[in-house]
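Let's take a walk through this fold together. Please open the sequence and the 3D view side by side, and keep both handy as you read.

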Amino acid sequence: MLRSFRPFWRLLLAAGLLTASLPACETTKRGFPELGSPDGETGEASRRRREPTSKLVASVGDRGLIKYEMPREQLALAFSRQFGDGTSIDKTMVRKVQGKPKDPAMYYLVGLGLRNGMFRGMALPLNLTTDNDLYLSTSASRYIINGVGCTFCFFNFENNDIVGTSCEENTGGSSCDLRVEETNTLLLNR
């Protein structure tokens, strides 16, 4: 008779062990980070990390005058850091581009300088707010000019967009090469 109860006792013992171990199970998903989240952070912190950040650079005053909100020396250092190859920036400016008088204006933050005696330049599009403030976003593209044999290179525009470059003097073997990078870290704190 005891032999017939043995499977019953085993089943009862297994159910008791299972019931006793269930509260110890963790039901949160900590071990697996969500896709696109490098540190496994979720929710608001992850969203903020992925969103582009913007910094106030300048504002457009009366009669279109540019008022710099950041010292131009600080902008020059930021451009040199962004190049990261020894380029020395000696001129920074905000340049207004407007194809036709009735077209909306576009503004670019520009840094010009030299690397090993060769011309270098970088332009980044700025966002204009309704308050006439100009912000640089980390999602803004970088337009980078490398001059070879040119003392000065110009950005060429079409419909307020940078489409190419040209060399100040057209001598044989001189050129201005344009490279476009999708994002920037120009004004991120380092």
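The tour below goes from a helix to the nonpolar cores, then to two single residues and the disulfides. Please bear in mind throughout that this is a predicted model.

A good place to begin is helix H3, which covers residues 72-83. H3 is built from 12 residues and spans 17 Å from its first C-alpha to its last, close to the 16 Å expected at 1.5 Å a residue. Which residues of H3 are buried? They are Leu75, Ala76, Ala78, Phe79, Gln82 and Phe83. Viewed down the helix axis, these buried residues fall within an arc of 160°, so they line one face of H3. Turn the view to the face pointing away from that buried side, and you will find the exposed residues Glu73 and Leu77. The cover over the buried residues of H3 includes E1, E2 (66-68), E3, E4, E5 and E7. Just after the helix comes glycine 84, with a positive phi of about 65°.

From the helix we can step into the nonpolar interior. In soluble globular proteins, nonpolar side chains tend to be buried together. Here the largest nonpolar core has 22 residues, and those touching the most other members are Val57, Leu109, Leu126, Leu136, Leu186 and Leu187. At least two residues of this core come from each of E1, H3, E3, E4 (106-115), E5 (118-128) and E6 (133-137). The most generous contributor is H3, which gives 5 residues. To get a feel for the packing, select leucine 136: leaving aside neighbours within four places in sequence, its contacts include Val57, Leu109, Leu126, Leu186 and Leu187, and also Lys55 and Asn184. Apart from the largest core lies another core, of 14 residues, with Val97, Tyr108, Val110 and Ala123 among them.

Two single residues are worth a visit next. Lysine 55 sits in strand E1 (residues 54-60) and counts as partly exposed because its relative accessibility is 29%. The side chain of lysine 55 reaches the backbone oxygen of leucine 187 at 3.3 Å. Lysine 55 and leucine 134 are 79 residues apart in sequence, yet their C-alpha atoms are 8.5 Å apart in space. Why does threonine 92, by contrast, count as buried? Its relative accessibility is 4%, and buried means under 20%. Threonine 92 belongs to strand E3 (residues 88-97), and residues touching threonine 92 include Arg72, Leu75, Ala76 and Phe79, along with Tyr68, Val110 and Gly111.

The last stop is the disulfides, and the structure holds 2 of them. Cysteine 150 pairs with cysteine 167, the sulfur atoms being 1.7 Å apart. This link is left-handed, with -125° about the S-S bond. The pair ties together distant parts of the chain: cysteine 150 is in the loop between strand E7 (142-148) and strand E8 (153-158), while cysteine 167 is in strand E9 (residues 161-167), 17 residues apart. Cysteine 150 is buried at 5% relative accessibility, and cysteine 167 is buried at 14%.

The other disulfide joins cysteine 153 to cysteine 176, S to S 2.0 Å. Its torsion about the S-S bond is about -80°, so this disulfide is left-handed. Distant parts of the chain are linked here too, with cysteine 153 in strand E8 and cysteine 176 in strand E10 (residues 175-181), 23 residues apart. Both cysteine 153 and cysteine 176 are buried. Counting the bonded cysteines along the chain, the pattern is 1-3, 2-4.

Technical notes:
Residues numbered from 1 in each chain as written. Predicted model: local features only at pLDDT ≥ 70, side-chain atom pairs only at ≥ 80, totals over all residues. Heavy atoms only, no water. Disulfide = S-S within 2.5 Å. Helix = DSSP H or I, 4+ residues; strand = E, 2+ residues; numbered from the N terminus. Buried < 20%, exposed > 50% of the residue type's maximum accessible area, 1.4 Å probe, protein only. Polar contact = N/O pair within 3.5 Å; in protein donor to acceptor, adjacent residues only side chain to side chain. Contact = heavy atoms within 4.5 Å. Core = buried A, V, L, I, M, F, W, Y, C linked by side-chain atoms within 4.5 Å. Expected span 1.5 Å × (residues − 1). Arc of directions from axis to C-beta.
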